[in-house]
Amino acid sequence: MRRVHLVLFVLYFTLSVTPAQFSSIAQSLSVKATAPTKARIPEITLPKREGSLRVVVFGDAGSGNKVQYELGRVMEEYRQSFGFDLALLTGDNILGKKSPLDMKNKFELPYKSLLDSGVKFYASLGNHDTAIERFYAPFNMDGEEYYRFERDGVSFYALNSNYLDKKQLDWLVDQLEKDKNAWRIAFFHHPPFSSGGTHGSNKEVRAILHPLFVKYGIDVAFSGHDHVYERVKPQDGITYFIAGAGGGIRRGDLRKGSRITAAGFDSNLSFILLEFVGDEMHFQAISLARTRVDSGVIKRRD
Amino acid sequence: MRIRHVASSYIFILLFTISITVAGQSPSAGAVDNSGANKVIRTVFEDRVRQYASRREELERELPPLAKRATAEELAAHKSALLEKVLSDRTRAVRGNIFTPAAERMIRAIIVRHYPGRTRVELKKELSEAETKNVPVRVNGIYPETAELVEMPPTLLLVLPQLPDHVRYRFVGTSLLIVDRDSHLIVDYMANALP
């Protein structure tokens, strides 16, 4: 009789919980299971091809709270195992006050091991950042609110989506027209496509940037602002990611049943690892609990 | 004959209605209106902003230059020294130095044309929810670093008069501010920019 009850309960639970909710519950259970932060070898599904470019992406991190530090430690574990040496910040890098002490507590200390081991951070500015941060040496912006850099044949465009004025857009078009690299990655704060319930898609940013991205061959774009992880279904061939859970999480914020979501995770902090191998960009999104929340391969656009 | 007369009247009314409707719709949604008087007002506005920016540049040159790769301490020191210099130079600044009444009218008209009806209501709602309650909207007020810098809608930026690098438009509620990019000084503002 008890067994029947158990079967009925499992059946009821399975039928009443959507896959997204189930994944969310499973994740929170796994968070609890690994809460004592006992380091274990992280699961890496990326190819780890010799000589490949390896990157970590995250944003909305600069709260200075305990979980930001914890995520910094988890990233360091993955660095040791995976070996990335490049970090893209999708904005809101220093939240709240920005005194020198804040800059240390909200950036330099949480990522001390990464910085000490030579990981180079490249920042874009969010709506809680100030423009003068473009001079902050560890952000590698070299005094520019928007800039381009390249590594191993991959072009990275850091944009300032707080203030996409004509000057910035002219610069972007000029840079993209001259770009000889096959891979073109953009990162900035406000997401053109997002299923986040708090902010969602920024239609203004989309109206301006998406047509340029389509025309000038941006392959993948990373944003933050919504404190979740989301991979958006390709939009005119471009894959948009939300990497906004680097310092806080808005639990349950992803709109259920959103038609643009390819994968989403809104129950714990997360970051994304990337590996560029020829025409493929491999990615793996990882939670604070060291679980894989998404992974796959994106082919470069022709 | 009468039928032809009635038909032509209908066609006239139809064409008239269409032309009115087309004229009423944000023509080329937010195209820059540079005709006649507006061109003059725009030029005066841009000149006044440029005056602020070049004076501010002069004052900044008196400070030790900020390296492109600075420490947090250097950033903080530069920011406060710049603010102090600019503030002491602007003791006579008053509201309307840049947003003259004519400039206000022009800018309000641009915004209204760019965000007709419901879209303006939505923008106002978004701005009212922003974390900007602690911003002192007054000339020579300091935009707090803890307050959100709400993104300026890029399609609007394309039709507003362009600003030099050192200053930025910012919405706080329905007010439109001109804010110094690095010192966060509120240079001027206009109320009810989003009527």
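Helix axes are lines fitted to C-alpha atoms over the stretch in contact, and the angle between two axes runs from 0 to 180 degrees between N-to-C directions. The structure in the viewer is a predicted model, and the predictor assigns the complex an ipTM of 0.83 and a pTM of 0.85.

**Stop 1: the helix pair across the two chains**

Select helix 4 of chain A, residues 100-108, together with helix 3 of chain B; their axes come within 8 Å and cross at roughly 145°. Viewed along the crossing, helix 4 of chain A passes helix 3 of chain B in a right-handed sense. To see which residues meet, display Pro100(A), Met103(A) and Lys104(A) on the chain A helix, and Ala72(B), Glu73(B) and Ala76(B) on the chain B helix. By class, this contact holds four nonpolar residues, no polar ones and two charged ones.

**Stop 2: the whole interface**

Widen the selection to the full contact between the chains, to which chain B brings 26 residues and chain A brings 28. On the side of chain B that touches chain A, helix 3 (72-89) and helix 6 (154-157) each supply at least two residues. Which helix of chain B gives the most to this side? Helix 3 of chain B does, with five residues. Colouring this side of chain B by class should show 12 nonpolar, four polar and 10 charged residues.

**Stop 3: a crossing inside chain B**

Hide chain A and select helix 2 (residues 36-61) and helix 4 (residues 101-114) of chain B. These two pack at an angle of about 115°, and their axes are 9 Å apart. Helix 2 of chain B is therefore roughly perpendicular to helix 4 of chain B. The crossing of helix 2 of chain B with helix 4 of chain B is left-handed. For the residues involved, show Asn38(B), Ile41(B), Arg42(B) and Phe45(B) from helix 2, which meet Ala102(B), Ala103(B) and Met106(B) from helix 4. Five nonpolar residues, one polar and one charged make up this contact.

**Stop 4: two positive phi values in chain B**

Most residues other than glycine have a negative phi. Select His184(B), which is not a glycine and yet has a positive phi of about 70°. His184(B) sits in the loop between strand 2 (175-180) and strand 3 (186-190) of chain B. Is His184(B) buried or exposed? His184(B) is buried, because 23 other C-beta atoms lie within 10 Å and the cut-off for burial is 20 or more.

Continue to Asn192(B), in the segment after strand 3 of chain B. The phi of Asn192(B) is also positive, near 50°, in a residue other than glycine. Asn192(B) counts as exposed, because it has 11 C-beta neighbours inside 10 Å.

**Stop 5: Asp226(A) and its surroundings**

Restore chain A and centre on Asp226(A), found in the loop between strand 7 (220-223) and strand 8 (229-232) of chain A. Because it has 28 C-beta neighbours inside 10 Å, Asp226(A) counts as buried. Leaving aside residues up to four places away in sequence, Asp226(A) touches Pro191(A), Ser194(A), Gly196(A), Thr198(A), His199(A), Ile242(A), Gly244(A) and Asp253(A). A distance label from Asp226(A) to Arg54(A), 172 residues apart in sequence, should read 24 Å between C-alpha atoms.

**Stop 6: Lys112(A)**

Move to Lys112(A) in helix 5 (residues 112-116) of chain A. Lys112(A) is partly exposed, with 15 other C-beta atoms within 10 Å. Its C-alpha atom and that of Tyr69(A), 43 residues apart along the chain, are separated by 9.7 Å.

**Stop 7: each chain as a whole, coloured by pLDDT**

Chain A contains seven helices and 13 strands, and buried residues account for 46% of its 302 residues. Among contacts in chain A with a separation of 6 or more, 70% join residues 24 or more positions apart. The average pLDDT of chain A is 90, and 86% of its residues score at least 70. Over residues 6-37 of chain A, pLDDT stays under 50, and the model has 21 contacts beyond four places in sequence for them.

Chain B averages a pLDDT of 87, with 83% of its residues scoring at least 70. Select residues 11-30 of chain B, where the pLDDT is below 50; this stretch has eight contacts in the model beyond near neighbours in sequence. Where pLDDT is low, the predicted coordinates should not be read in detail.

Technical notes. Residues numbered from 1 in each chain as written. Chains lettered and ligands numbered in written order. Predicted model: local features only at pLDDT ≥ 70, side-chain atom pairs only at ≥ 80, totals over all residues. Contact = placed C-beta atoms within 7 Å. Helix = DSSP H or I, 4+ residues; strand = E, 2+ residues; numbered from the N terminus. Nonpolar A, V, L, I, M, F, W, Y, C, P; charged D, E, K, R; others polar. Parallel < 35°, antiparallel > 145°, perpendicular 65-115°, else oblique. Left-handed = near helix turned anticlockwise from the far one by under 90°. pLDDT = per-residue confidence, 0-100. Buried ≥ 20, exposed ≤ 12 C-beta atoms within 10 Å, placed from the backbone.
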